[in-house]
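Student: I would like to understand how the terms in a structure description are decided. Could we go through some together?

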Amino acid sequence: MSNQNFRSILTGSFSTPCADNPTVAMIEAAYHHAGIDARYINCDVSAAHLAAAVKGAVAMEWVGFNCSLPHKVAVIDHLDELAQAARIIGAVNCVTIRDGRLIGNNTDGKGFLASLRDVTDPAGKKVFLLGAGGAARAIAVELGLAGTAHITVANRDPEKAEAIAALVRDNTGSAATGCPWVGKARIPEGTDIVINATSVGLGDGQAMPEVDLDTLAHGQIVADVIPNPPRTRFLREARARGCTPLDGLGMLVNQGVIGVELWLGKTLDAGVMQQTLRDIFGASDTD
């Protein structure tokens, strides 16, 4: 009996609201599949309680946690160290606790990049990025670090687009420009990869970002950060025009894989995570 161990490895997430975040189901399914005795605890943490939650995680010897809205910037004040991308992006969504030290990382862009690399190497490619929020910022920085030739950032507020472009230019070897998003966005000729990094389409299979679909080119990769529904209307329209669609489900799954690699040094089964999410979202490969 002496070799029995009733203590699980602890990981989890701090955000608010948190009830609709399916990451816990995805990661616990993968822990179970791998035979790892670990838990992922989905915690609703208010902004006022973030400092206490971080101290609690250290006190209870968690090995790491995710941070989602509204904590991605605020959590930085409570960390000992930042990884390169997190420092450039100025936001953290994944914290590793090692020997009492807290190390902040950002897996938003890394998850997208891992998904993108399944279909193409972004090095030397031209990218058109829709949106200038947190996801766009993380994706743009990771694309820059991966050697993308040029990134055009389009946003209704051109100052926000230019701020992300400047971040890429100042911190990576890639060229980048911001441009105003007026009416229907037109995709410039010669674009290799188009990315919707806005929240348009989340939970709505008919909503679509304002894009002139006739400016999409056959063979382009068209990606969406929306995980639910995986096949957004934007991706369906792009596929009908001969583009290669890349859904946001892969980004979410890869974020989970990368996070657990940072915490445990183990690579979980992405297929198990993907199937768990598809079951939750009621999605199939054909929709």
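Tutor: Gladly, and let's start in the sheet: β3 and strand β5 (residues 94–98) run antiparallel and are joined by three bridges. This is a predicted model, so local features need pLDDT of at least 70 and side-chain atom pairs count only at pLDDT 80 or more, while totals for chains, interfaces and linings use all residues. Residues are numbered from 1 along each chain as its sequence is written, and side-chain values use heavy atoms, leaving out hydrogens and water.

Student: What makes β3 and β5 a pair?

Tutor: Two strands pair if DSSP finds at least two bridges between them. Three bridges join β3 to β5, so the rule is met. In one of them, Asn66 has Cys94 of β5 as its bridge partner. Strands themselves are DSSP runs (E, at least two residues), as are helices (H or I, at least four), numbered from the N terminus.

Student: Why are β2 and β4 said to stand at the edges?

Tutor: The open sheet has six strands in the order β2-β1-β3-β5-β6-β4, with mixed pairing. β2 and β4 (81–82) each have a single partner strand, so one side of each is left without a neighbour in the sheet.

Student: Why is the pair of Phe14 and Trp62 called tilted?

Tutor: Rings of Phe, Tyr and Trp (its six-membered ring) pair if their centres lie within 6.5 Å; planes under 30 degrees apart count as stacked, over 60 as edge-to-face and the rest as tilted. Here the centres are 5.5 Å apart and the planes stand at 40°, so this pair is tilted. Phe14 lies in strand β1 (residues 9–15) and Trp62 in the loop between α2 (50–59) and β3 (64–67), so the pair ties together parts 48 residues apart in sequence.

Student: How do you know that Phe14 is buried?

Tutor: Buried means under 20% relative accessible area, exposed over 50%, and partly exposed in between (1.4 Å probe, protein chains only). Phe14 has 3% relative accessibility, so Phe14 counts as buried. Trp62, at 5%, is buried too.

Student: How do you know that Cys67 is not bonded to Cys94?

Tutor: A disulfide is a pair of cysteine sulfur atoms within 2.5 Å. The closest cysteine sulfur to that of Cys67 is in Cys94, 9.0 Å away, so the distance is too far for a bond. The structure holds zero disulfides. Cys43 is in none either, with the nearest cysteine sulfur, that of Cys18, 7.3 Å away.
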